[in-house]
Amino acid sequence: MKIAFESQLLMEAEKTGIGWVADGILRQLRRQRPEDTMQLNYFKLRNRSAGRPASMEEYVQLGFQDVSARFSFSLYRMIWNVLPLPYSWFFGKDTDVTVFFNYYIPPGVKGKKITIFHDMAYKRFPETVRARTKMMLDSNMEQACRRADAILTVSEFSKREILEYLPVSPEKITVMPLGIRSERFHTGYTEEQIGAAREKYRLPKEYLLYLGTLEPRKNIERLVEAYGVLRQRNADVPPLILAGRKGWMYDTIFAKIQELGLEQYVWSTGYVENEAVPLLIAGAVAFLFPSIYEGFGMPPLEAMACGTPVLTANVSSMPEVAGDSAVLVDPFSVESIAEGMERLVEKPDLRRELSERGIRRASQFTWERSAGIVSEVMQRLVQDGK
């Protein structure tokens, strides 16, 4: 079988979340299907005269062919709804299956077509995207529903969301849970390594940790309010560390911290380097992630893999992902979040129990499993097409 993967997101020097999804699936599919020809399709963007980009070298060493087009991806994506240049003009017509990692499918793709929808956040919370972006997403997702032979999504929750918002039959959708990068998120870090990361980011010996983008969907304002409630009950509670990039409307978070007079007890590290992420997680008393909407929710699973007890929300995909291995709270109730934090801070036996459960739970989510589902879908599509 000849399989192509739309790999534009792998061109980035720093992978995004979806870039890591692509990386995990690609590596495992290469191991699981050694007999297949696999190629990575990408546009050369502005640097049309350059050779193979450095970000592709590792995949070529793994046995992938890289196939580049001397055209701008951003320009192609801008015009394909007006001038439907066939994708096959750039990447050939002899592909059995093409996989798109990030929801869209261009016109004129030859062979069977698979895409991945990660969530419907822009539909559930339209105020979080610009009107122009929403129009583009609406158009591209509806086109992808028509063009796709199969759609993968990351949780049963996301499947329900897709069926609610998009014109697609349930038979076309397959749930593919994501995997943990076990080489990064594990319990094998030493106290020296964790201590060095704490020192670099000027953190105390004990702390509660949120790690992710600072934006409204992550529910950080209520987390801060809940922390304030908890401090009124227990003045010895560890400080709350907000680690991660500043996202959309982050100013209200810091305004809330000042309003509640918590500047001494709640502070932000800013962006955390990739190498330090698992170390800061492993060193935390508890990992707090009361997000109101997640298609899958990778951060709590990564914390579980590190043996860190987790608090997360009882909505969207989080109960499905966390199971009985986390403290689940109502993310819309400050009191519920505060009570969950209080249980974690004041009950070391609960923390030990959740740590053990979480390690077992996280071990169930592997890229081998994810890639196996992709492989089964590809095989079925090709056989049905013969």
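In which helix is the place of Lys123? In this predicted model, Lys123 belongs to helix α5, a run that covers residues 121-124. Its side chain makes a polar contact of 2.9 Å with the side chain of Asp138. Leaving aside residues up to four places away in sequence, Lys123 touches Asp138 and Tyr165. Asp138 therefore appears in both descriptions of Lys123, as a contact and as a polar partner, since a polar contact is a pair of N or O atoms within 3.5 Å.

Attention can now turn to the sheet. Six strands form an open sheet with parallel pairing, and their order is β10-β9-β8-β11-β12-β13. The edges are taken by β10 (266-270) and β13 (327-329); each has a single partner strand, so one side of each is left without a neighbour in the sheet. From one strand to the next, the twist averages 25°. At the β10 edge, the pairing with strand β9 (residues 240-243) is parallel and runs over four bridges. Within this pairing, Leu242 has Ser268 of β10 as its bridge partner. Helix α12, spanning residues 298-305, packs on the sheet and touches β8 (208-211), β11 (286-289) and β12 (310-313). The direction of α12 makes about 170° with that of β11.

The model also offers some enclosed space to look at. One cavity of 30 Å³ or more turns up in a search of the whole structure, and the volume of the largest cavity is about 50 Å³. Its lining consists of Ala4, Asn41, Tyr87, Ser88, Phe91, Gly92, Thr95, Thr98, Val109 and Lys110. Helix α4 (residues 87-91) gives the most to this lining, contributing three residues. Sorted by class, the lining of the largest cavity holds four nonpolar residues, five polar and one charged.

Open pockets complete the picture. For the second largest pocket, the volume is about 500 Å³. Its lining comprises 29 residues, and those nearest the centre are Ile180, Arg181, Ser182, Glu183 and Trp367. Two or more residues of this lining come from each of α1 (17-32), α2 (54-61), α15 (348-362) and α16 (367-385). Among these helices, α1 gives the most, with six residues. The lining of the second largest pocket divides into twelve nonpolar, seven polar and ten charged residues.

Methods: Residues are numbered from 1 along each chain as its sequence is written. This is a predicted model: local features need pLDDT of at least 70, side-chain atom pairs count only at pLDDT 80 or more; totals for chains, interfaces and linings use all residues. Side-chain values use heavy atoms; hydrogens and water are left out. On a 1 Å grid over the protein atoms alone, a cavity is a set of points where a 1.4 Å probe fits but cannot get out, and a pocket is an open set with protein on both sides within 12 Å along at least five of seven lines; lining residues have an atom within 4 Å of a point. Grid points are joined across faces, edges and corners, and a volume is the space filled by probe spheres set on the points. Ala, Val, Leu, Ile, Met, Phe, Trp, Tyr, Cys and Pro count as nonpolar, Asp, Glu, Lys and Arg as charged, and the others, Gly among them, as polar. Two strands pair if DSSP finds at least two bridges between them. Axes are lines fitted to C-alpha atoms, for helices over the stretch in contact, and angles run from 0 to 180 degrees between N-to-C directions. Contact means heavy atoms within 4.5 Å. A polar contact is a pair of N or O atoms within 3.5 Å; within protein, one must be able to donate a hydrogen and the other to accept it, and residues adjacent in sequence count only if both atoms are side-chain atoms.
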